[in-house]
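Thanks for making time this morning. I would like to walk you through one model, going from helix packing to single residues, and I will try to keep to what the coordinates give us.

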Amino acid sequence: MIDSLGIIIYAILVYTPPLLFAALGSCFSENSGVINIGIEGMMTIGAFTGAAVAYYTHNPWFAFLCAGLAGAAFGALHAMATVSFGADQTISGTAINFLAPGVAVLLAKALFNSSDTPALDTTDKMPILFNDLFQGGSTWGNFLKNIFCNYSSTYLVFVSVFVVWFVFYKTRFGMRLRAVGEHPRACDTLGINVYAMRYAAVIISGFLSGLGGACVTMAIANQFRPISVVGQGFIAIAAVIFGKFRPQGAMWACLLFGMCTGLKVVLGSNNVISPQLISMIPYVVTVIVLILFVGKSRVPSANGKPYQKTK
């Protein structure tokens, strides 16, 4: 019983970070008033960039940063379309979801003559913390090792939740960000640059989404494949809705979805249950959560509404 519980907790801690990084990014964008459906695409380009840079440089932290910057680049593209030119935010995000994976596969073909990147060595992946501190071999030893010996990205993402919460609710930038998502015209009259705030929020959204993608290829797996991220960006958006557009709420929702993904992996070794049914678990739970909670979430008033400055 203890061993099974430890394996499930380990699976939750492994599969939550990609969703949570992306959800935190979505919190920035949505609270500024810009819908970012392109989270999935930004995660995909981050997943490819992280795996490719780690393969060439053998420096996982530099690769992790580059993955975030790749996501930020597509975030800037989304911001240019929606903030500067007033394009439909849903259509722009959908275009990002087509464009970013296409660019990732194109670059993979150019660099590696394959749609996949080569497998990373263990030393090129995100480092595992406290691996030597807890020794397995006993029931409780294995349990503690499963909980605490995890990838550094797992610890980093939970620290990021606190940082994002602090930025949102304890800083002037966060106050202005949330105000722009509620009453952009009032903010404009007070001298707040609505365009700059929304640009910053969407670019940060892309950066965090890119980090989430890198968690997939540099922690959960060891290479990029076109299907590496599939669906996780949309689950992250569902987590933000479930969490009422707050970073702390998104964290609990991502833990729930991470548990579902972890159960999918744990139950996958059991031949009694159909693998097709098991693979449906995260997506079925996502649909159920949206049905039950989407009407109870208070969306920022100006979310999805392009802002045009009056002359």
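What follows is a short tour of helix contacts, then of some buried residues, and then of two loop positions.

Let me say at the outset that this is a predicted model, and everything I describe should be heard with that in mind.

I will begin with helix H2, which spans residues 39–57, and its packing against helix H4, residues 89–112, where the two axes are 6 Å apart and make an angle of about 20 degrees. Since angles under 35 degrees count as roughly parallel, H2 and H4 are therefore roughly parallel to each other. The crossing in which H2 passes H4 is left-handed. As for who takes part, H2 brings Ile39, Glu40, Gly41, Met42, Thr44, Ile45, Phe48, Ala52, Tyr55 and Tyr56, and these meet Ile96, Asn97, Ala100, Pro101, Val103, Ala104, Leu107, Ala108, Leu111 and Phe112 of H4. Sorted by class, that contact between H2 and H4 holds 16 nonpolar residues, three polar ones and one charged one.

Now to the other partner of H2 that I want to show, helix H9, which covers residues 194–220. The axes of H2 and H9 come within 6 Å, and they cross at roughly 55 degrees, so the two helices are oblique to each other. This crossing is right-handed, whereas the one that H2 makes with H4 is left-handed. On the H2 side the contact is made by Ile39, Met42, Met43, Gly46, Ala47, Gly50, Ala51 and Ala54, and on the H9 side by Ser205, Gly206, Ser209, Gly210, Gly212, Gly213, Ala214, Thr217 and Met218. What is the class make-up of the contact of H2 with H9? There are eight nonpolar and nine polar residues, with no charged residues, and you should keep in mind that glycine is counted among the polar residues in this scheme.

H9 has a further contact, with helix H7, residues 172–182, where the axes come within 10 Å and cross at roughly 105 degrees. That angle makes H7 roughly perpendicular to H9. The residues involved are Phe173, Arg176, Leu177 and Val180 from H7, together with Val194, Met197, Arg198, Ala200, Ala201 and Ile204 from H9. By class, the contact of H7 with H9 has eight nonpolar residues and two charged ones, with no polar residues.

With the helices in place, let me turn to individual side chains, starting with threonine 44, which sits in H2. Threonine 44 counts as buried, with 6% relative accessibility, and its side chain reaches the backbone oxygen of glutamate 40 at 2.9 Å. Once neighbours within four places in sequence are set aside, threonine 44 is in contact with Pro101, Ala104, Phe224 and Val229.

One of those contacts, phenylalanine 224, lies in the loop between H9 and H10. Is phenylalanine 224 buried or exposed? At 1% relative accessibility, phenylalanine 224 counts as buried. Not counting residues up to four places away in sequence, phenylalanine 224 touches Thr44, Ala47, Phe48, Ala51, Ala104, Ser115, Asp116, Thr117 and Thr217. The C-alpha atoms of phenylalanine 224 and glycine 50 are separated by 8.6 Å, although the two residues are 174 residues apart along the chain.

Two residues of H9 deserve a look as well. Serine 209, found in H9, is buried with a relative accessible area of 0%, and, beyond residues up to four places away in sequence, touches Phe21, Ala22, Ile39, Met42 and Met43. Methionine 218, likewise in H9, is also buried, with a relative accessible area of 0%. With the same sequence neighbours left out, the residues that methionine 218 touches include Gly50, Ala51, Ala54, Pro60 and Phe64.

Finally, I would point you to two loop residues for their backbone angles. Asparagine 113, in the loop between H4 and helix H5, has a phi near 55 degrees, which is a positive value in a residue other than glycine, and asparagine 113 is exposed, with a relative accessible area of 69%. Phenylalanine 245, in the loop between helix H10 and helix H11, has a phi near 65 degrees, again positive in a residue other than glycine, but phenylalanine 245 is buried, with a relative accessible area of 7%.

Notes:
Residues are numbered from 1 along each chain as its sequence is written. This is a predicted model: local features need pLDDT of at least 70, side-chain atom pairs count only at pLDDT 80 or more; totals for chains, interfaces and linings use all residues. Side-chain values use heavy atoms; hydrogens and water are left out. Axes are lines fitted to C-alpha atoms, for helices over the stretch in contact, and angles run from 0 to 180 degrees between N-to-C directions. Helices (H or I, at least four residues) and strands (E, at least two) are DSSP runs, numbered from the N terminus. Angles under 35 degrees count as roughly parallel, over 145 as roughly antiparallel, 65 to 115 as roughly perpendicular and the rest as oblique. A crossing is left-handed if the near helix is turned anticlockwise from the far one by less than a right angle, and right-handed if clockwise. Contact means heavy atoms within 4.5 Å. Buried means under 20% relative accessible area, exposed over 50%, partly exposed in between (1.4 Å probe, protein chains only). A polar contact is a pair of N or O atoms within 3.5 Å; within protein, one must be able to donate a hydrogen and the other to accept it, and residues adjacent in sequence count only if both atoms are side-chain atoms.
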